[in-house]
Each structure stands twice: as structure tokens, then as C-alpha cells.
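Q: I would like to take a close look at a single part of this protein. Could you walk me through one sheet and the core that shares residues with it?

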Amino acid sequence: SIMKPRRKLSVLFSFILMVVLVFATTTTAFAATGNKKVTSSGKMSIVLNTGQTGNSSAVSFKVSGLPTNAVITKLEVNTGSLSSYSGAMLTNYLTLTSSNKTTAEKITWGGQANTTLKSNGFLATKANGTYTITFNCTCLGGAIVGGIPTDVGSKTYSSPYITVYWDDSF
């Protein structure tokens with residue numbers, strides 16, 4: 001069958017338009033994703049008397065340089081190394097806060113060093129921001145110093161870090 005020149009042009013134009021549209025829609029579908037590890041030389045430390053429960057000093061992490069619309073798809077906290085310990089100090093949980101959300105998240109943690117804890121409280125929130133961690137602890141008994149029991153215990157974790165997994169297509 002022989003097409004008329006005008007019909008050929010119309011078919012050709014439709015085909016070109018379709019190719020352009022397919023190309024335009026597929027190029028915008030490539031979203032950026034990634035992860036960023038943010039380290040700290042800070043320490044989470046606490047000193048308590050026997051019977052006391054309290055929160056450690058805080059370590060903060062500044063996450064920046066990600067796309068402005070990047071949101072969290074996964075957030076992990078590594079607790080760092082146990083650099084000092086005295087007495088019977090029971091770790092209850094880790095608290096994670098973000099400059100992008102008013103409520104904090106408490107993550108169950110028994111105090112094991114270099115443990116990666118998964119956060120669920122900040123999914124789909126803005127990725128760029130400041131994140132802060134502390135741990136809650138109870139002193140069950142003080143340290144024994146030179147054979148003499150004291151009523152003070154302490155615990156310090158050094159060099160914790162966070163890893164933010166993000167996506168900017170939401």
C-alpha cells in the first residue's frame with residue numbers, strides 16, 4: 001500500500017513526537033539515591049552514683065551536601081568503641097534526635113560496643129540536618145578501686161558514627 005505524502009508526514013511526526021515523549025519521561029525518572037557516613041571524634045560519657053539512672057553526654061553529626069529534597073530511606077547509628085568502663089553500668093537505650101523532627105527516637109540497646117542500631121523514627125524526613133545521640137544508663141553498683149567498693153560507676157563510648165541512606169525522588 002502506498003501512503004500519500006501528507007499521511008507519511010503525519011505518521012513520521014507522530015513517531016518523532018512519541019520518541020521525544022518517551023525520552024523526556026524516562027530521563028526524569030532517574031532519581032538520585034545514595035548513602036553518607038558521618039563520623040565524630042566525640043564521646044558519649046556518663047558518671048552515676050549507685051541506684052541512679054541518667055543520660056550520657058551527647059554526640060552530634062551534621063549531615064549536609066545532599067540534594068535539598070533528599071529524604072531518609074534508612075538511618076543507622078554505630079555506637080562506637082567502649083573506651084572506658086567502671087562499676088556495674090546497665091545501658092538501657094540510645095536516644096536519637098534530628099533537627100528535622102520534634103520527637104526523639106529511643107532505640108533498645110544493651111550497651112554492646114560498635115553495634116549498628118537501625119532507626120525507624122526518621123524515615124521519609126529530610127536527610128540534611130543535625131542528628132544527636134545519647135545513651136541512658138543505670139548504675140547498679142560502683143567501681144572497686146584498690147579493693148575498696150565505691151558508689152560511683154562510669155561508661156564512655158568513643159568515635160560513634162551514623163550512616164544516612166537517602167533518595168530524592170519523593
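A: Here is a walk from the whole chain to one sheet, and then to the core.

Please keep in mind that this is a predicted model, in which local features need pLDDT of at least 70, side-chain atom pairs count only at pLDDT 80 or more, and totals for chains, interfaces and linings use all residues. Residues are numbered from 1 along each chain as its sequence is written, and side-chain values use heavy atoms, with hydrogens and water left out.

The chain has one helix and 14 strands; helices (H or I, at least four residues) and strands (E, at least two) are DSSP runs, numbered from the N terminus. Of its 170 residues, 38% are buried, where buried means under 20% relative accessible area, exposed over 50%, and partly exposed in between (1.4 Å probe, protein chains only).

Now to the sheet. Its four strands follow the order β1-β14-β5-β9 in an open, antiparallel arrangement; two strands count as paired if DSSP finds at least two bridges between them. Strands β1 (33-39) and β9 (116-119) are at the edges with a single partner strand each, so one side of each has no neighbour in the sheet. On average, neighbouring strands here are turned by 20 degrees against each other, direction ignored; the axes are lines fitted to C-alpha atoms, for helices over the stretch in contact, and angles run from 0 to 180 degrees between N-to-C directions.

Let us zoom in on one pairing. Strand β5 (residues 71-78) is joined to β9 by four bridges, and the two run antiparallel. V77 has L117 in β9 as its bridge partner.

Next comes the core. In soluble globular proteins, nonpolar side chains tend to be buried together. A nonpolar core here is a set of buried Ala, Val, Leu, Ile, Met, Phe, Trp, Tyr and Cys residues joined through side-chain atoms within 4.5 Å. The largest one holds 29 residues, and L75, L94, I133 and I162 touch the most other members. Strands β2 (43-49), β4 (59-63), β5, β7 (88-98), β10 (129-141) and β14 (161-167) each give at least two residues to this core, and β10 provides the largest share, with five residues.

Finally, which residues does I162 contact, leaving aside neighbours within four places in sequence? They are K36, K37, V38, F61, V63, L75, E76, V77 and Y131, with contact meaning heavy atoms within 4.5 Å. That list includes V77, the bridge partner of L117, and L75, another of the core residues that touch the most other members.
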